[in-house]
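I opened this notebook to keep a record of what I looked up in the structure, one topic to an entry. The sequence and the model come first, and my entries follow.

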Amino acid sequence: MPSTYFSDREPGHIVQVPAEVLTLAWGSLVALIEGFIANGGFGIDFPNDCPDGRGPTGTNDHNLGLAIRGEIPELSWPIRAEPVPPQMVIMDLLEFCHDHVAEPDKGSYHPFFDHHHLTFDRIKGQHQFRERVNKTLMRNKLAYLLKEDGTVSRLAPPVLHEALSSQMFNSGDDKLDQLLDLARTKFLDPDSVVRREALEKLWDAWERVKTLEPPANKRESTKALLDKAATEPQFRKLIENEARSLTDIGNNFHIRHSEIQQVEIQSEDQIDYLFHRLFALIWLILRAR
């Protein structure tokens, strides 16, 4: 179990998700957790025991609730779709549930009590729980990931969270909006392979951004865009150097092209760094138009 909860690790850094988005996501998570309770998924740590002492037969939801309230006192029990708890409370609950969930397997049938005795596979159950939680977070464009170690991490820093959580982009160019939305969607996917594809789409979007201003010559158009984004000379020079550097990264690293001399991206942290860096520049430019 993590030594700290999400709310302990990120106090004061939460970015509010639109209420309608959080409501839909929370409702889905409530159904998911209740499903694991109903099938005995938390019985490994909170067992409902056979009266004859033959082993667990399901989840003791009363004891589960007592433990949850002790760890997360802000959460009411039993959980309900409404009212929606604060985001940090939701993330703490996901971490708690991941630590205590397991895949139940029906063993011998006990006809007198009409129940099966259960055995458990914690690793398999946690894997299933993570997959379903992360699918819900991704489908609702919530930039969080429940990781293998049971901790929730943010897929985007607060400064980019609003942009990454937007329902659509409005650059005035439909093709660019599609590329940005596809890059955003892939970046928020828990699959590392898909997240690498987000870099390709974002660099494709960057090349299109450079043609937004007339004439559609990249050099002149880029200059006009940067002029709009910054009037102070030193900052204007800074973002011009950044734009040139990011273009070089797209050409020299294995992002848009796959020549053997290109540099491979080595880790998830490098994906995050490169995505955040270019997305921030594109967002700055588009907001200045």
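**Entry 1: the largest pocket**

Which helices each supply at least two residues of the lining of the largest pocket? I was working on a predicted model, and there I found that α9 and α10 each do so. I noted a volume of about 350 Å³ for this pocket. The lining I wrote down consists of Trp206, Lys210, Lys218, Arg219, Thr222, Lys223, Leu226, Arg236, Glu240, Ala243, Arg244 and Thr247. When I sorted these lining residues by class, I had three nonpolar, two polar and seven charged ones.

**Entry 2: helix α9**

I next turned to α9 itself, which runs over residues 218-229 and has 12 residues. From its first C-alpha to its last I noted a reach of 16 Å, close to the 16 Å expected at 1.5 Å a residue. Which residues of α9 are buried? My list has Ser221, Thr222, Leu225, Leu226 and Ala229. These buried residues cover an arc of only 130° around the axis, which means that they sit on the same side of α9. I then looked at what covers them, and I found that the cover includes α8 (192-209), α10 (233-252) and α11 (268-288). Two entries meet here, for Thr222 and Leu226 are among the buried residues of α9, and Thr222 and Leu226 are also among the residues that line the largest pocket.

**Entry 3: helices α8 and α11**

For α8 I recorded 18 residues and a reach of 26 Å from the first C-alpha to the last, close to the 26 Å expected at 1.5 Å a residue. The buried residues of α8 are Val194, Arg195, Ala198, Leu199, Leu202, Trp203, Ala205, Trp206, Glu207 and Val209. I asked what the buried residues of α8 pack against, and I found α7 (174-187), α9, α10 and α11. Trp206, which is buried in α8, appears again in my list for the lining of the largest pocket.

I gave α11 the corresponding check: its 21 residues should span 30 Å at 1.5 Å a residue, and its end C-alpha atoms are 30 Å apart, which agrees. In α11 I listed Ile271, Asp272, Leu274, Phe275, His276, Leu278, Phe279, Leu281, Ile282, Ile285 and Leu286 as buried.

**Entry 4: the cavity**

How many cavities of 30 Å³ or more does the structure hold? I found one, and for the largest cavity I noted a volume of about 40 Å³. The residues that line the largest cavity are Leu22, Ala25, Trp26, Leu29, Ile90, Met91, Leu137 and Leu142. By class I counted eight nonpolar, no polar and no charged residues in this lining. I traced the lining back to its helices and saw that α2 (19-38) and α4 (87-100) each supply at least two residues, while the largest share, four residues, comes from α2.

**Entry 5: two cis peptide bonds**

I looked up the cis peptide bonds and recorded one that joins tryptophan 77 and proline 78, with omega about 0°, and one that joins glutamate 82 and proline 83, with omega about -5°. Where does proline 78 lie? I placed proline 78 in the loop between α3 (61-71) and α4, and I placed proline 83 in the loop between α3 and α4 as well.

**Entry 6: two single residues**

I took arginine 9 next, which lies in helix α1 (residues 6-9). Arginine 9 counts as partly exposed because its relative accessibility is 33%. I noted that arginine 9 and serine 153 are 144 residues apart along the chain, while their C-alpha atoms are separated by 9.7 Å.

Asparagine 39 I found in the loop between α2 and β1 (47-49). With a relative accessible area of 40%, asparagine 39 is partly exposed. Its C-alpha lies 6.8 Å from that of glycine 58, and the two residues are 19 apart in sequence.

**Entry 7: the chain as a whole**

I closed with totals for the protein chain, in which I noted 11 helices and six strands. Of its 289 residues, 47% count as buried. Among contacts between residues at least 6 apart in sequence, I recorded that 60% join residues at least 24 apart.

Note on methods
Residues are numbered from 1 along each chain as its sequence is written. This is a predicted model: local features need pLDDT of at least 70, side-chain atom pairs count only at pLDDT 80 or more; totals for chains, interfaces and linings use all residues. Side-chain values use heavy atoms; hydrogens and water are left out. On a 1 Å grid over the protein atoms alone, a cavity is a set of points where a 1.4 Å probe fits but cannot get out, and a pocket is an open set with protein on both sides within 12 Å along at least five of seven lines; lining residues have an atom within 4 Å of a point. Grid points are joined across faces, edges and corners, and a volume is the space filled by probe spheres set on the points. Ala, Val, Leu, Ile, Met, Phe, Trp, Tyr, Cys and Pro count as nonpolar, Asp, Glu, Lys and Arg as charged, and the others, Gly among them, as polar. The expected span of a helix is 1.5 Å times one less than its number of residues. Buried means under 20% relative accessible area, exposed over 50%, partly exposed in between (1.4 Å probe, protein chains only). The arc is that of the directions from the helix axis to the C-beta atoms. Contact means heavy atoms within 4.5 Å.
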